[in-house]
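Work through these exercises with the structure open beside you. Try each task before you read its solution.

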Amino acid sequence: MQIRLLVAVISVAVFIPMAAAEVTASADSTQRPETQTGLAAKYPGDQGIEKDPSVLFAEGFEGKDLPIAAYGKPGGFYDLQGVPKLMYSTDKEAVVGKQSLELFHPQNVISPQWFHRSFPGQDTVYVRFYRKFEKDWVWPILGQHDTYLFAGKYNSPAASDLTFYLDVSGVQQKWHSPPTADRRPTRNAVVDGVFNMQPLPVLKASYQGPDLEFGIGSPIISHVGWDNYYPLPYNRSPGPVLQGGRWYCIEYMGKLNSPGKRDGQARVWIDGKLITEMGAFALKKDQWTDVTLMAKDLRIGYGTEPGDSLAGNPLNNLKMVFNGKETDRFLIDDFSVSTGGKTVYQEQFEGGPGKFTDGEAAGGGFGDSKALSFGPKGFGIDGAFSIPVDDSTTLRFKLKPLCDVDKVTLVAWSEKLNANCQYDLCGLMLRDAQHSDIQWNRWMLGPRYGGKAYKEGPPRDQKSWIDGLVVATRYVGLVAH
Ligand SMILES: [Ca+2]
């Protein structure tokens with residue numbers, strides 16, 4: 001097998017139903033939560049929704065002169081970066097009521113506007129808003145920080161901060177590969193510009209501060225820069241390529257994990273469809289975790305569209321590795337590859353490792369059977385089967401960690417990409433006992449362009465709109481009319 005681990009992932013889609021008790025919430029989330037009984041269902045047109053005790057704040061931008069009128073006021077929007085005239089309520093567009101907030105994006109102006117809204121700290125926050133971009137919107141090359149949800153002590157140099165960015169990426173970004181002996185495993189950085197201009201929503205996480213852990217087994221980089229962005233994978237379905245000229249309903253949630261537990265979560269829904277779910281992949285000792293990977297979701301290259309994927313590639317090799325000590329072990333059992341309902345390859349490990357390498361058959365398998373035991377260097381299977389990956393191709397296996405594991409990486413070779421495609425199954429350790437004071441307490445709207453790597457704003461004057469913003473401790477749901 002050719003192992004040339006490279007590039008982390010911007011857009012990944014892997015379907016991971018998990019059976020362990022720790023991840024019950026994740027399993028439940030295959031359906032939109034409270035589809036019939038979300039907050040919005042109780043408040044047609046969002047009328048009165050702001051009075052619901054679950055709602056931290058709601059804004060339909062119906063007020064006159066918003067957000068300027070609320071600038072700097074208690075409970076109001078603030079920090080308009082000195083350019084409030086670039087954000088104003090308008091009656092030309094609306095999803096909720098008759099007005100929305102129009103944002104003007106002047107040509108070649110960086111960070112023309114922000115508004116921030118703080119709220120009492122929460123462990124779990126749901127955000128819903130509607131977003132529309134001009135019909136012929138030109139996406140900035142490096143995308144933009146469109147909105148984000150923030151936990152921590154903003155602007156405090158001693159704070160441990162956590163941010164979920166919902167960015168709209170207009171560019172393919174390449175990220176450093178996984179750890180090597182001389183490179184920290186968490187270090188992600190834009191290394192050059194490979195532009196494809198596909199406007200995809202991308203959920204990113206950025207962390208500042210010591211001792212925060214993102215399930216990657218390494219301290220989080222603590223400074224402002226590209227290398228402390230950690231793209232979260234799409235692990236349910238591919239994100240839509242956003243189009244100008246129509247409204248999108250964007251919903252996301254952040255849940256901090258309980259101290260000492262890997263039960264944090266992040267999810268994004270677009271127009272009611274669950275796109276991203278970063279569940280608590282809790283690889284606890286002595287608990288089975290069933291993992292099913294649908295190979296259509298093995299679009300695990302660095303591409304942001306299905307074309308840059310394993311689709312159509314022969315699936316004939318796989319490798320699974322994790323970070324750990326030499327003595328750390330994993331068991332894998334009940335491995336199968338199927339397509340269209342037909343099993344192509346199956347291995348129960350009762351008679352040994354079969355065609356797997358770098359592992360050995362051991363007891364402790366599923367149902368007191370035997371399983372394949374492997375260490376941190378992982379195992380591989382190469383040439384045991386060969387099928388082109390399509391939507392019906394499915395991998396299935398059972399994993400049993402015998403140690404605490406933060407990340408397991410599945411690797412498959414793509415001739416098309418001439419590179420290994422990888423998917424990281426990782427936990428979401430957003431808070432530990434030492435950081436139990438971290439809470440979600442701020443929501444922000446950009447757009448903000450650039451950063452150090454990019455010095456220009458949008459290539460021409462254009463507009464976008466936002467409406468129906470609700471931040472709540474309960475799932476909000478699509479606006480009910
Ligand atoms: Ca409105």
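**Exercise 1.** Find the strand that holds D334, then say what is unusual about the backbone of D334 and how covered the residue is.

*Solution.* Keep in mind that this model is predicted.
- Step 1: Locate the residue. D334 sits in strand β17, which spans residues 330–339.
- Step 2: Check phi. D334 is not a glycine, yet its phi is positive, about 55°.
- Step 3: Set this against the general rule. Most residues other than glycine have a negative phi.
- Step 4: Judge the burial. D334 counts as partly exposed because it has 18 C-beta neighbours inside 10 Å, and a buried residue needs 20 or more.

**Exercise 2.** Do the same for F349: where does it lie, and is it buried or exposed?

*Solution.*
- Step 1: F349 belongs to the loop between β18 (342–347) and β19 (356–357).
- Step 2: F349 has a positive phi of about 70°, and it is not a glycine either.
- Step 3: Count its surroundings. Within 10 Å of F349 there are 24 other C-beta atoms, so F349 is buried.

**Exercise 3.** Describe the largest nonpolar core, and follow one of its members outward.

*Solution.*
- Step 1: Take the size. The largest nonpolar core has 51 residues.
- Step 2: Pick out its best-connected members. L39, V127, L149, V470 and A472 touch the most other members.
- Step 3: Find the main contributor. Strand β27 (residues 462–472) gives this core 6 residues, the most of any.
- Step 4: Look for another core. A separate second one has 32 residues, including A361, F385, L399 and V408.
- Step 5: Follow L39. Beyond its neighbours within four places in sequence, L39 is in contact with residues including I49, V55, A472 and V476.
- Step 6: Recall the general trend. In soluble globular proteins, nonpolar side chains tend to be buried together.

**Exercise 4.** Which residues of strand β2 form its covered face, and which strand is joined to β2 by bridges?

*Solution.*
- Step 1: Split β2 (residues 87–90) into faces. M87 and S89 are on the covered face; Y88 and T90 are on the uncovered one.
- Step 2: Compare with the general pattern. In a regular strand the side chains alternate between the two faces of the sheet.
- Step 3: Find the partner. β2 runs antiparallel to strand β3 (residues 100–105), and 4 bridges join them.
- Step 4: Name one pair. T90 has S100 of β3 as its bridge partner.

**Exercise 5.** How many helices and strands does the protein chain have, and what share of its residues is buried?

*Solution.*
- Step 1: The protein chain has 2 helices and 27 strands.
- Step 2: Of its 481 residues, 50% are buried.

Technical notes. Residues are numbered from 1 along each chain as its sequence is written. This is a predicted model: local features need pLDDT of at least 70, side-chain atom pairs count only at pLDDT 80 or more; totals for chains, interfaces and linings use all residues. A residue is buried if 20 or more other C-beta atoms lie within 10 Å of its own, exposed if 12 or fewer, and partly exposed in between; C-beta atoms are placed from the backbone. A nonpolar core is a set of buried Ala, Val, Leu, Ile, Met, Phe, Trp, Tyr and Cys residues joined through C-beta atoms within 7 Å. Two residues are in contact if their C-beta atoms, placed from the backbone, lie within 7 Å. Two strands pair if DSSP finds at least two bridges between them.
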